[in-house]
Amino acid sequence: MRIAISATRTSFDAPMDERFGRCPCFVITDPEGTDHDMVENIHAERGSGAGIQAARLLIERGVSVVLTGRCGPNACETLAAAGVGIVTGCSGTVRQAVEKYAAGGGEPPASDEASPATGGFTPGGGRGMGRGGGRAMGGGSGMGRGRGMGGSKTPRN
């Protein structure tokens, strides 16, 4: 299993960056924190689509779970479609997030606040977007405009 953590610097003891798509770098490690790679987020300064491109960057590197503060809906969809779990609401250092994740058996490892974007851990029975759970992205327009379609079934006298 490979875990990616959004970080402010390429160090295992660096503070986490609460932003997924716009974080400067990711630390990719195993649950024990013994083998880790540092990956620059080359998409952080993009005008748009930074989250989706960051998600693809991690998917290409075989990441199974992402630990971050918050993750936008498009990035969440991209990660979830690839079977990558997402844990939001994380804070502290990279090391602390990995330790909390490993100790909790996959439960959200951070603050009491869940991310408004995903609400916690996904997939696999957690909360948030992905694999059969989560929030709908639809926004119906309601074309009826409150007018009835007419026609009473009982004749009028």
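In the predicted model, Cys-90 is buried, its relative accessible area amounting to 6%. Cys-90 is also among the residues touched by Thr-68, a list that, leaving aside residues up to four places away in sequence, further comprises Ser-6, Met-16, Asp-17, Glu-18, Arg-19, Phe-20, Val-87, Thr-88 and Gly-89. Thr-68 itself lies in the loop that runs between strand E4 (65–67) and helix H2, and Thr-68 counts as buried because its relative accessible area is 0%, below the 20% limit. The side chain of Thr-68 is joined to that of Ser-6 by a polar contact of 2.8 Å.

A second cysteine, Cys-25, is likewise buried, with a relative accessibility of 2%. The closest cysteine sulfur to that of Cys-25 belongs to Cys-23 and lies 6.4 Å away, which is too far for a bond, given that a disulfide requires the two sulfur atoms to be within 2.5 Å. Under this criterion, the number of disulfides comes to 0.

With regard to the chain as a whole, the secondary structure consists of 3 helices and 5 strands, which follow one another along the sequence in the pattern β-β-β-α-β-α-β-α. Of the 157 residues in the chain, 42% are buried. Among contacts between residues at least 6 apart in sequence, 48% join residues that are at least 24 apart.

The largest nonpolar core contains 18 residues, of which Phe-20, Phe-26, Leu-58, Val-63, Val-66, Cys-71 and Leu-79 touch the most other members. At least two residues of this core are supplied by each of strand E2 (25–29), helix H1 (50–60) and helix H2 (73–81), and the largest share, 4 residues, comes from H1. Separate from this core is a second one of 15 residues, which includes Met-16, Cys-25, Val-87 and Tyr-101. Two of the residues named for the largest core, Phe-20 and Phe-26, are both buried and also bear on the aromatic contacts, of which the structure holds 1 pair. The ring centres of Phe-20 and Phe-26 are 5.4 Å apart and their planes stand at 50°, so the pair is classed as tilted, an angle under 30 degrees being required for stacked and one over 60 for edge-to-face.

The packing of two of the helices was then examined. In H1, the buried residues are Ala-50, Gly-51, Gln-53, Ala-54, Ala-55, Leu-57 and Leu-58, and these buried residues pack against strand E1, E2, strand E3 (36–40), E4 and H2. Just after H1, Gly-62 adopts a positive phi of about 75°.

In helix H3, which spans residues 94–104, burial applies to Val-94, Ala-97, Val-98 and Tyr-101. When viewed down the axis of H3, these buried residues fall within an arc of 95°, and they therefore line one face of the helix. Such an arrangement may be read against the general geometry of an α-helix, in which there are 3.6 residues a turn, so that residues three or four places apart point the same way. The buried residues of H3 pack against strand E1 (3–7), E2, E4 and strand E5 (85–87), and one of them, Tyr-101, is included in the second core of 15 residues.

Key
Residues are numbered from 1 along each chain as its sequence is written. This is a predicted model: local features need pLDDT of at least 70, side-chain atom pairs count only at pLDDT 80 or more; totals for chains, interfaces and linings use all residues. Side-chain values use heavy atoms; hydrogens and water are left out. A nonpolar core is a set of buried Ala, Val, Leu, Ile, Met, Phe, Trp, Tyr and Cys residues joined through side-chain atoms within 4.5 Å. Buried means under 20% relative accessible area, exposed over 50%, partly exposed in between (1.4 Å probe, protein chains only). A polar contact is a pair of N or O atoms within 3.5 Å; within protein, one must be able to donate a hydrogen and the other to accept it, and residues adjacent in sequence count only if both atoms are side-chain atoms. Contact means heavy atoms within 4.5 Å. The arc is that of the directions from the helix axis to the C-beta atoms. Rings of Phe, Tyr and Trp (its six-membered ring) pair if their centres lie within 6.5 Å; planes under 30 degrees apart count as stacked, over 60 as edge-to-face and the rest as tilted.
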